[in-house]
Amino acid sequence: MPYVVTDNCIKCKHLDCVEVCPVDCFYEGENTLVINPDECIDCDVCVPECPVEAILPDTDPIGVKWLEFNRKYSTDMNWPVITENSGPDPEHEKYHPVNFPDGKMHLFSENPGKGDLN
């Protein structure tokens with residue numbers, strides 16, 4: 001049961017989760033994160049660290065929809081690994097999920113992030 005990141009992360013991108021991950025399975029896009037489900041060890045230490053509840057198990061009815069999305073962007077799109085917390089998106093409060101009841105995929109960027117090079 002790997003964990004996955006949902007669209008709640010888009011444009012919020014808090015990074016508290018990445019620094020507690022014992023296996024460095026988070027990958028960074030320009031405005032969101034994903035988890036490589038093949039690397040995730042299901043420890044769930046990242047879950048309580050996410051203030052926007054963007055991390056769910058892939059067995060959750062919502063989480064199951066995000067499994068292939070996370071796999072694609074952590075493997076096929078060459079997004080870099082991220083392990084260090086450099087703070088959330090500067091405008092994260094504006095993009096809190098409660099302000100987007102229909103989701104935030106319309107804000108999603110496929111571009112990779114900087115990873116730990118920032």
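## A guided tour of the chain

Start with the whole chain in view: of its contacts with a separation of 6 or more, 75% are between residues 24 or more positions apart. Keep in mind as you look around that this is a predicted model.

**Stop 1: the overall fold.** Switch to a cartoon and colour by secondary structure. You should find two helices and four strands. Follow the chain from the N terminus, and the elements come in the order β-α-β-β-β-α. How does the radius of gyration of the chain compare with the globule rule for 118 residues? The value is 13 Å, close to the 13 Å that the rule gives, so the chain is as compact as a globular protein of that length. If you like to draw a box along the principal axes, the C-alpha atoms fill one of roughly 35 × 30 × 25 Å.

**Stop 2: inside and outside.** Now colour the residues by relative accessibility. Of the 118 residues in the chain, 47% are buried. Then turn on the surface: the accessible area is about 6,100 Å², and carbon and sulfur atoms contribute 50% of it.

**Stop 3: the charges.** Select the charged side chains next. The chain carries 8 positive and 23 negative charges. Put a marker at the mean position of each set, and the two markers will sit 8 Å apart.

**Stop 4: two cysteines.** Select Cys 21 and Cys 25 and show their side chains as sticks. How many disulfides does a search of the whole structure find? The count is zero. Cys 21 is in no disulfide, and the nearest cysteine sulfur to its own is that of Cys 25, 3.6 Å away. Seen from the other end, Cys 25 is likewise in no disulfide, with the sulfur of Cys 21 as its nearest, at 3.6 Å. Why does the pair not count? A disulfide needs the two cysteine sulfur atoms within 2.5 Å. While you are here, check how covered the two residues are. Cys 21 counts as buried because its relative accessibility is 11%, and Cys 25, at 3%, is buried as well.

**Stop 5: Asn 99.** Finish by moving along to the segment after helix H2 (67–76), where Asn 99 lies. Is Asn 99 buried, exposed or partly exposed? With a relative accessible area of 45%, Asn 99 is partly exposed. To see what Asn 99 touches, set aside its neighbours within four places in sequence and select Glu 93 and Lys 94: Asn 99 is in contact with both.

Technical notes. Residues numbered from 1 in each chain as written. Predicted model: local features only at pLDDT ≥ 70, side-chain atom pairs only at ≥ 80, totals over all residues. Heavy atoms only, no water. Buried < 20%, exposed > 50% of the residue type's maximum accessible area, 1.4 Å probe, protein only. Rg over C-alpha atoms; globule rule 2.2 N^0.38 Å. Contact = heavy atoms within 4.5 Å. Areas by Shrake-Rupley, 256 points an atom, 1.4 Å probe, with all protein chains shown as cover. Lys, Arg positive; Asp, Glu negative; His and termini not counted. Charge placed at Lys NZ, Arg CZ, Asp CG, Glu CD.
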